[in-house]
Amino acid sequence: AINPGNSGGALVNISGQVIGINSMKIAESSVEGIGLSIPINYAIPIIKDLEAHGKVKRAYMGTSLRSLNEVTGYEQGETLNLPSKVTEGVVIAGVEPGSPAEQAGLREYDVIVELDGEATPDVPTLRRYLYADKKIGDTMKVKYYRNGKAETTEMTLAEADLQ
């Protein structure tokens, strides 16, 4: 059980193995009690980076993103000019100057639909792929839509400046 006050502590299984890091407990009269934790397989790479480098090292695109399913149908048709067959993807809400995304030619309102040939239906999928499968300096093929037309580019990932 995750009890109020033990957020940040270990979540262990019956064998005493750490399987997560407790992050939050919701304890209200309207809720029976919900405990949340970060799965240990997500935490281990971060722990290793902190031990080895004193900071988290992650691949970086230099974009702010929104899942296409968070964008209204009107915006999809009028602002993004997407063909009706495009129902999933990631909208670029902003591109940082000098970033890998800018160097690859990506712009605000481009809609990313694939990374290295793998479908990218939403922001969590994109982040999971970027953080788990890619390393700083890797090249990534990006398929995206701009003004209704499918295009591709390659991006060389840089190191995110995470403090």
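Accessible areas come from the Shrake-Rupley method with a 1.4 Å probe. The exercises below apply to a predicted model.

**Exercise 1.** Determine how much area the protein exposes and what share of it carbon and sulfur atoms supply.

*Solution.* Begin with the total, which for this protein is about 10,000 Å². Next take the part supplied by carbon and sulfur atoms, which comes to 48% of that exposed area. Then turn to the residues themselves: with buried taken as under 20% relative accessible area, buried residues make up 29% of the 163 residues.

**Exercise 2.** Set the radius of gyration of the protein against that of a compact globule of 163 residues.

*Solution.* The globule would have a radius of gyration near 15 Å, whereas the protein has 19 Å. As a second step, consider the box filled by the C-alpha atoms, which along the principal axes is roughly 55 × 45 × 25 Å.

**Exercise 3.** Trace how strand 9 pairs with strand 7 and with strand 10.

*Solution.* Start from the inventory, in which the protein has four helices and eleven strands. Strand 9, residues 139–146, pairs with strand 7, residues 111–115, in the antiparallel sense over four bridges, and within this pairing tyrosine 145 is the bridge partner of valine 111. Strand 9 is also joined by eight bridges to strand 10, residues 149–156, and these two strands again run antiparallel; here arginine 146 stands opposite lysine 149. Finally, look at the hairpin that strands 9 and 10 form, where two residues lie between the strands and asparagine 147 takes a positive phi near 50 degrees.

Methods
Residues are numbered from 1 along each chain as its sequence is written. This is a predicted model: local features need pLDDT of at least 70, side-chain atom pairs count only at pLDDT 80 or more; totals for chains, interfaces and linings use all residues. Side-chain values use heavy atoms; hydrogens and water are left out. The radius of gyration is taken over C-alpha atoms; the globule rule is 2.2 Å times the number of residues to the power 0.38. Buried means under 20% relative accessible area, exposed over 50%, partly exposed in between (1.4 Å probe, protein chains only). Two strands pair if DSSP finds at least two bridges between them.
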